[in-house]
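Got the model open in your viewer? Keep the selection box handy and follow along stop by stop.

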Number of protein chains: 2
Amino acid sequence: MKVLVFGATGTIGTKVSDLLSENHEVIKVGKTRGDYQADISSLDSLKALFEKTGKVDAIISTTGDITFAPVNDLTKEQWDVGYNSKFLGQVNLVQFGKKFLNEGGSITLTTGILSEKFIMAGASATAINRAVEGYAQAAASELSDVRINVVSPTLLEESTDIYGDFFPGFIPVPGNKVAYSYKRSVEGIETGKIYTVV
Amino acid sequence: MKVLVFGATGTIGTKVSDLLSENHEVIKVGKTRGDYQADISSLDSLKALFEKTGKVDAIISTTGDITFAPVNDLTKEQWDVGYNSKFLGQVNLVQFGKKFLNEGGSITLTTGILSEKFIMAGASATAINRAVEGYAQAAASELSDVRINVVSPTLLEESTDIYGDFFPGFIPVPGNKVAYSYKRSVEGIETGKIYTVV
């Protein structure tokens, strides 16, 4: 298969790209690195990208920005970061990206453990991740021409140096393990599923 | 208690106001009707409202707009309706409204069955409702000075004439029954709960 990975140079994206490269043609998309550059929050940017790549068999998103701040301090501008990037950006990959999927194609989005578990300053991450999961499940029910799943990993071992203190008592998982859920989504038959990796 | 009900002249708001008026002072807020008028998506409008009402013991939201459209057609402008009104509007009632709550106060928000069940053209409702529920639960975990709960009703008997065809096979519930969950949230001790009424 031809697999387009957004966020391919990030922590998760690198592991996903490595695993799927074993038996697929992986095209790596980053904001500033990778085979191609694109901003998922911009339909113009995605249009320019797909004109270069042509049709693909699977779209994977391992990207999207979110703001972390105490709930009392969260401003509209901070909410907008997650809404425009992690939410609407991933929505764009479904609603616009599906036009560039071959028959039988799949789209796999990424959320995170904060959709279900709550940490200090994590309210925006919880709300935005929850919205992505609801959207993916509702869209998967409504659309019969594409499979849509979500991978929701807990804290990664590779990220504990930076984020570990924000996740007290969370047992991290290796990125390699997380990558398998993307493989399952791409090569499997399921749709509307949330693959929680803990 | 002094209870401020947003959307008080709507289908659910009327039933909630009637039930809580039996043993509380209910202040009814609507967009164009009620004791006071306010737009929850505008902090200026909420500021003007609270200057008139003074502090209250409970804030209830039974309001918020959302767009229904097939998932393939959903535009950013249509997503923005639910994000600005039903999501950020209810966030405003927590983050700004809590400043006008007496000690021991509570905030009760409203989502709906579509957060968990999927219907044609309901993807925005699912995503936005899911975000509200995640936000309420994360905020309730982070904030110790206010209780925050959500009521998620299924289709109302009073709404079947207008919305029934969109909810095939959903068994409607009477608004009177839904109102009891708001009473439970206001007079009870729980926080971070989703009261699903089916």
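This tour starts in the middle and then visits single residues, with something to select at each stop.

One thing to keep in mind before clicking: this is a predicted model.

**Stop 1: the core**

Start by selecting A:Phe6, A:Phe87, A:Tyr135, B:Phe6, B:Phe87 and B:Tyr135, the residues with the most contacts inside the largest nonpolar core. That core has 94 residues. As a bit of background, nonpolar side chains in soluble globular proteins tend to be buried together.

Now keep A:Phe87 and show what surrounds it. Beyond its neighbours within four places in sequence, A:Phe87 is in contact with A:Gly82, A:Ile128, A:Ala131, A:Val132 and A:Tyr135 in chain A, and with B:Trp79 and B:Ala127 in chain B.

**Stop 2: the cavity**

How many cavities of 30 Å³ or more does the structure hold? There is 1, and the largest cavity has a volume of about 60 Å³. To find it, select A:Tyr83, A:Phe87, A:Ile128 and A:Ala131, then add B:Tyr83, B:Phe87, B:Ile128 and B:Ala131; these residues line the largest cavity. You'll recognise A:Phe87 from the core, where it is among the residues with the most contacts.

Which helices should you colour here? Go for helix 3 (76-95) and helix 4 (123-142) in chain A, plus helix 3 (76-95) and helix 4 (123-142) in chain B: each supplies at least two residues of the lining. Colour the lining by class and you get 8 nonpolar residues, with no polar and no charged ones.

**Stop 3: two glutamines in chain A**

Stay on helix 3 of chain A and pick A:Gln90, which is found there. Is A:Gln90 buried or exposed? It counts as buried, because its relative accessibility is 0%, and the cut-off for buried is under 20%. Follow the side chain of A:Gln90 and you'll see it reach the backbone oxygen of A:Lys86 at 3.1 Å. Leaving out residues up to four places away in sequence, A:Gln90 touches A:Ile40, A:Ser61, A:Thr63, A:Ser85, A:Leu109, A:Thr110 and A:Val132.

Next, hop over to helix 4 of chain A and select A:Gln137. A:Gln137 has a relative accessible area of 17%, so it is buried too. Draw a distance from its side chain to the side chain of B:Arg130: the two are joined by a polar contact of 2.9 Å. Setting aside neighbours within four places in sequence, A:Gln137 is in contact with A:Gly192 and A:Ile194 as well as B:Phe118 and B:Arg130.

**Stop 4: a loop glutamate**

Select A:Glu190, in the loop between helix 6 (175-187) and strand 7 (194-197) of chain A. At 29% relative accessibility, A:Glu190 counts as partly exposed. Which residue does its side chain make a polar contact with? Look for the side chain of A:Tyr195, at 2.6 Å. Apart from neighbours within four places in sequence, A:Glu190 also has A:Arg147, A:Asn149 and A:Arg184 among its contacts. Add A:Ile148 to the view: its C-alpha atom is 8.2 Å from that of A:Glu190, though 42 residues separate the two along the chain.

**Stop 5: the alanines with a positive phi**

Most residues other than glycine have a negative phi. Now check A:Ala121, which has a positive phi of about 70 degrees without being a glycine. A:Ala121 is found in the loop between strand 5 (101-110) and helix 4 of chain A, and it counts as buried at 11% relative accessibility.

Switch to chain B and select B:Ala121. Its phi is positive as well, about 70 degrees, and B:Ala121 lies in the loop between strand 5 (101-110) and helix 4 of chain B. Its relative accessibility is 11%, so B:Ala121 counts as buried.

**Stop 6: finishing in chain B**

Select B:Val3 in strand 1 (residues 2-6) of chain B. B:Val3 is buried, with a relative accessible area of 0%. Not counting residues up to four places away in sequence, B:Val3 touches B:Leu20, B:His24, B:Glu25, B:Val26, B:Ile27, B:Ala58 and B:Ile60. For a sense of scale, go back to the cavity-lining B:Ala131: its C-alpha atom and that of B:Val3 are separated by 25 Å.

Last pick: B:Thr32, in the loop between strand 2 (25-30) and strand 3 (36-37) of chain B. B:Thr32 is exposed, with a relative accessible area of 66%. From C-alpha to C-alpha, B:Thr32 and B:Thr9 are 9.2 Å apart, with their positions 23 residues apart in sequence.

Key:
Residues are numbered from 1 along each chain as its sequence is written. Chains are lettered from A and ligands numbered from 1 in the order in which they are written. This is a predicted model: local features need pLDDT of at least 70, side-chain atom pairs count only at pLDDT 80 or more; totals for chains, interfaces and linings use all residues. Side-chain values use heavy atoms; hydrogens and water are left out. A nonpolar core is a set of buried Ala, Val, Leu, Ile, Met, Phe, Trp, Tyr and Cys residues joined through side-chain atoms within 4.5 Å. Buried means under 20% relative accessible area, exposed over 50%, partly exposed in between (1.4 Å probe, protein chains only). Contact means heavy atoms within 4.5 Å. On a 1 Å grid over the protein atoms alone, a cavity is a set of points where a 1.4 Å probe fits but cannot get out, and a pocket is an open set with protein on both sides within 12 Å along at least five of seven lines; lining residues have an atom within 4 Å of a point. Grid points are joined across faces, edges and corners, and a volume is the space filled by probe spheres set on the points. Helices (H or I, at least four residues) and strands (E, at least two) are DSSP runs, numbered from the N terminus. Ala, Val, Leu, Ile, Met, Phe, Trp, Tyr, Cys and Pro count as nonpolar, Asp, Glu, Lys and Arg as charged, and the others, Gly among them, as polar. A polar contact is a pair of N or O atoms within 3.5 Å; within protein, one must be able to donate a hydrogen and the other to accept it, and residues adjacent in sequence count only if both atoms are side-chain atoms.
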